[in-house]
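I opened a notebook for a structure that is new to me. The entries below keep to what I looked up, in the order I looked.

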Amino acid sequence: MEPKWSNTVCKRVLLTGFTLCVVLVTKPSSAIDIYANPEVMMQNGTTGVLRCTFKSSEVVSSLTSVTWSFQSSQPDNQFSKAPYTIFYFSQGTGFPVTNEFKERVHFIGDINKRDVSIQLSPAQFSDNGTFFCDVKNPPDVSGTPARTELRVVVKESLPQSNTTVIVGAVCGVLLVLVLIAVGACIVMRVLHNRHDYEGAR
């Protein structure tokens, strides 16, 4: 006669199997979240900023490090094959890695405020491509680098700012109102003069 498992043993086996399935199937969540603008446009020859921030449950310390990488969108560029590290920040100091960006990349963020942005000056057409921002804040080291697509364009290609459009629209409306007011005053004056002339007969 075969031994029968008790209900308790069966439940434990099923629970253990279910737990293993959940652990194997479920992807562990990142301990650190990194954010950047999906796309940035800069005018050729000007200074621009690549924003990057992060969220971590751990306190920022001297062990916190930042790595900026770049992959060109131009096939003939030396950085087109894979992302290359161009800037590294650690122990409160920034270290440009490649000669191409050595004099043009500057750290302008505040690591204590979880801001790890960099400044690019001057922007060049060869900078067209993807910039990757990666942050390690031990023990929070598991996270997906943020990506920013940079487009360096000539001045005429830059989109007109919303502020300019709004100011132009407001000025246009005010001008129309002034013209309406002046027209109304002229009409009222003509009617008043005509009334006085007819009353004098």
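The entries go from the overall layout to a sheet, some aromatic rings, one serine and the core.

**Entry 1: layout**

I note at the start that this is a predicted model. I counted the elements and found 2 helices and 11 strands in the protein. I then read them along the sequence, and the pattern is α-β-β-β-β-β-β-β-β-β-β-β-α. I looked up burial for the protein, which has 201 residues, and buried residues make up 25% of them. I also looked up contacts between residues at least 6 apart in sequence, and 58% of these join residues at least 24 apart.

**Entry 2: an open sheet**

In what order do the 3 strands of the open sheet stand? I read the order as 3-9-8, with antiparallel pairing. Strand 3 (48-50) and strand 8 (105-107) each have a single partner strand and stand at the edges, so one side of each has no neighbour in the sheet. I noted an average twist of 30 degrees from one strand to the next. I followed one pairing further: strand 3 and strand 9 (residues 118-120) are joined in the antiparallel sense over 3 bridges. For G48, I found the bridge partner in strand 9 to be L120. I add as background that strands of a sheet pair through backbone hydrogen bonds, either parallel or antiparallel.

**Entry 3: aromatic rings**

I counted aromatic pairs, taking ring centres within 6.5 Å as the rule, and the count comes to 8. F87 and F107 have ring centres 6.4 Å apart and planes at 5 degrees; planes under 30 degrees apart count as stacked, so this pair is stacked. F87 lies in strand 6 (residues 84-90) and F107 in strand 8, so the pair ties together parts that are 20 residues apart in sequence. Is each of the two buried or partly exposed? F87 has 4% relative accessibility and counts as buried, whereas F107 has 22% and counts as partly exposed.

I found F107 again in a stacked pair with F89, at 4.1 Å centre to centre and 20 degrees between the planes. F89 is in strand 6 and F107 in strand 8, so this pair ties together parts that are 18 residues apart in sequence. F89 counts as buried because its relative accessibility is 7%, and buried means under 20%. I also wrote down one aromatic cluster, formed by F70, F79, Y84, F101 and F131.

**Entry 4: a serine**

I looked up S72, which is found in strand 5 (residues 65-72). S72 counts as buried, at 6% relative accessibility. A polar atom of the S72 side chain lies 3.0 Å from the backbone nitrogen of Q74. Which residues does S72 contact, leaving aside its neighbours within four places in sequence? I listed N77, F79, S80, S126, N128 and G129. F79 in that list is also a member of the aromatic cluster in Entry 3.

**Entry 5: the core**

Which residues touch the most other members of the largest nonpolar core? I found W68 and F131, in a core of 28 residues. F131 is also in the aromatic cluster of Entry 3. I then checked which elements give two or more residues to this core; among them are strand 1 (32-36), strand 2 (39-43), strand 4 (52-56), strand 10 (129-136) and strand 11 (146-153). Strand 5, strand 6 and strand 9 are on that list as well. I close with a general note: in soluble globular proteins, nonpolar side chains tend to be buried together.

Note on methods:
Residues are numbered from 1 along each chain as its sequence is written. This is a predicted model: local features need pLDDT of at least 70, side-chain atom pairs count only at pLDDT 80 or more; totals for chains, interfaces and linings use all residues. Side-chain values use heavy atoms; hydrogens and water are left out. Two strands pair if DSSP finds at least two bridges between them. Helices (H or I, at least four residues) and strands (E, at least two) are DSSP runs, numbered from the N terminus. Axes are lines fitted to C-alpha atoms, for helices over the stretch in contact, and angles run from 0 to 180 degrees between N-to-C directions. Rings of Phe, Tyr and Trp (its six-membered ring) pair if their centres lie within 6.5 Å; planes under 30 degrees apart count as stacked, over 60 as edge-to-face and the rest as tilted. Buried means under 20% relative accessible area, exposed over 50%, partly exposed in between (1.4 Å probe, protein chains only). A polar contact is a pair of N or O atoms within 3.5 Å; within protein, one must be able to donate a hydrogen and the other to accept it, and residues adjacent in sequence count only if both atoms are side-chain atoms. Contact means heavy atoms within 4.5 Å. A nonpolar core is a set of buried Ala, Val, Leu, Ile, Met, Phe, Trp, Tyr and Cys residues joined through side-chain atoms within 4.5 Å.
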